[in-house]
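Here are my notes on the model you sent over. Have it open while you read, since I go from one element to the next.

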Amino acid sequence: MRRTGAALGYLAAGVAAGPAGLLWSIAAVAAVAVLGVTQLGGPAFLGAAWVTRRLAWAERHRAAWVLGRPIDPPYVPAPAGTLRRRVAAVGAQPATWRDLAWLVLLFPLGIGLGVAGIVVTAVTVGMATAPAWAWAVPNPRAPFPVKPLMTTGGGRLLLVPLGLALLPLAAWLVRRLARLEVSVARALLAPGEHRRLVEETERLARTRARVVDAQAAELRRIERDLHDGAQARIVAAGMTLALAARKLRGVDSSSVVLSDVDTARRQLDEALAELRRLVRGIHPPILTDRGLHAALAALAGDSPLPVVVRGDPALRFPAAVESAAYFVAAEGLANAAKHSGAGACVLELRRTAAGVRIVVEDDGRGGADPAGAGLDGLRRRVEALDGTLTVDSPPGGPTLLRAELPCAS
């Protein structure tokens, strides 16, 4: 009985909501069409969409009378920005037009199914309660068999068991009519493929961001372990060998032993230098300690070319972004020193509305291959963060390497 009552209430409310939705749809479309040729077109469209969404919100909650819970909203948040951008974003969402389609379709659907449900309920309940009211509405001109059933005591008593027998069937029919209407409402008002794809894209972006951050943290951990562990032990071993060589020179020892000790020291020094290069290749310690600008200044100081570094030293970015920007600069400076024949370079770091821009420009002879192994590896590293890498290197130069990295990644 509770479900039947909720279904009957849903159908009855649709009788009133149908004309209201149709009238608003006609008024909204007409207003937007008239004002669309003026500067008020954008605000009118956004205002009409806002009201339409409020009406659709009421319809989603009305569906809870039958479904047990409201229909989920399908909207994607509109981006902030100019009026034109917001209008385009709202207009591009299928949910905007599906809301309007439901308000138009609700007129015939709500009235047709609502009247049918009300009539079925009224007739069945009226038959079951005929002795209580039928005597007050005599109708001598009623056709057979309505006249004997409604105008005589025996006929009215006969209607009672007949009405009671039909009540379960009427209740089932009312629930089916309500289910039919709410199924159409759910098809139009529930989240569709567009919302699913947007949510899946956002989920994948969050997942990838977590993976990138975890990878950056793991690289920093490996760098610290190598710096504080293996590197420290190699330094200690080198000092021990140096002390042993000094003691051996102070006693009567063979030159062969001294030569072996010196060779071992040189090998340890080479291993330490290689380890330091490996640490810098994984994640330069200066990035963690002093930030991207200081790391770029260190790169410029190590370069055989004169390098001018431009940018705000106080700028800091996420670890993964700083690491990618550093290696873009390192590869750009290395290519300029080895292949371009450049006399000077400019290294520029700048914050943008979307994130960070790193630019490496040299005055060399140009002709760099964007598909080369080094630049292709950089491009994959940048694209993993949703960034872009462009290389502009016409024959005769100059060469411009630019990377755009979104900090949201």
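**Notes on the fold, the pocket and two residues**

1. Let me start with helix α12, residues 292-302, which lies across β1, β2 (345-351) and β3 and runs at about 175 degrees to β1. Keep in mind that this is a predicted model.

2. Helix α13 also packs on the sheet, where it touches β1, β2, β3, β4 and β5. The direction of α13 makes about 5 degrees with that of β3.

3. Now the sheet itself. It is an open one, built from five strands in the order β1-β2-β3-β5-β4, with mixed pairing. At the edges you'll find β1 (307-310) and β4; each has a single partner strand, so one side of each has no neighbour in the sheet. On average, neighbouring strands are turned by 10 degrees against each other, direction ignored. As a reminder, strands of a sheet pair through backbone hydrogen bonds, either parallel or antiparallel.

4. Two of the pairings are worth tracing on screen. β3 and β5 are antiparallel and share eight bridges; in this part of the sheet, Val356 stands opposite Leu405 of β5. β4 (residues 388-392) also pairs with β5 in the antiparallel sense, here over five bridges, and Leu389 has Ala403 in β5 as its bridge partner.

5. What links β4 and β5? The two form a hairpin, with six residues between them. Have a look at Gly396 in the turn, which has a positive phi of about 95 degrees.

6. Next, the second largest pocket, with about 290 Å³ of space in it. The lining is made up of 19 residues, and Asn335, Ala368, Asp369, Leu375 and Thr399 lie nearest the centre. The elements that give two or more residues to this lining are α13 (319-340), β3 (355-362), α14 (373-383) and β5 (399-406). Which of them gives the largest share of the lining? That is α13, with six residues. Sorted by class, the lining has seven nonpolar, nine polar and three charged residues.

7. Moving away from the sheet, Gly14 sits in helix α1, residues 2-35. Is Gly14 buried or exposed? Its relative accessibility is 0%, so Gly14 counts as buried. Leaving out residues up to four places away in sequence, Gly14 touches Arg62, Gly110, Ile111 and Glu181. Gly14 and Pro108 are 94 residues apart in sequence, yet their C-alpha atoms are 9.7 Å apart in space.

8. Arg186 belongs to helix α8, residues 153-189. With a relative accessibility of 41%, Arg186 counts as partly exposed, because that class runs from the 20% limit for buried to the 50% limit for exposed. Again leaving out residues up to four places away in sequence, Arg186 touches Leu67 and Ile71. Trp102 is 84 residues from Arg186 in sequence, and the C-alpha to C-alpha distance between the two is 9.7 Å.

9. Finally, the chain as a whole. It has 14 helices and five strands, and 35% of its 409 residues count as buried. Among contacts with a separation of 6 or more, 71% come from residues 24 or more positions apart.

Technical notes:
Residues are numbered from 1 along each chain as its sequence is written. This is a predicted model: local features need pLDDT of at least 70, side-chain atom pairs count only at pLDDT 80 or more; totals for chains, interfaces and linings use all residues. Side-chain values use heavy atoms; hydrogens and water are left out. On a 1 Å grid over the protein atoms alone, a cavity is a set of points where a 1.4 Å probe fits but cannot get out, and a pocket is an open set with protein on both sides within 12 Å along at least five of seven lines; lining residues have an atom within 4 Å of a point. Grid points are joined across faces, edges and corners, and a volume is the space filled by probe spheres set on the points. Helices (H or I, at least four residues) and strands (E, at least two) are DSSP runs, numbered from the N terminus. Ala, Val, Leu, Ile, Met, Phe, Trp, Tyr, Cys and Pro count as nonpolar, Asp, Glu, Lys and Arg as charged, and the others, Gly among them, as polar. Two strands pair if DSSP finds at least two bridges between them. Axes are lines fitted to C-alpha atoms, for helices over the stretch in contact, and angles run from 0 to 180 degrees between N-to-C directions. Contact means heavy atoms within 4.5 Å. Buried means under 20% relative accessible area, exposed over 50%, partly exposed in between (1.4 Å probe, protein chains only).
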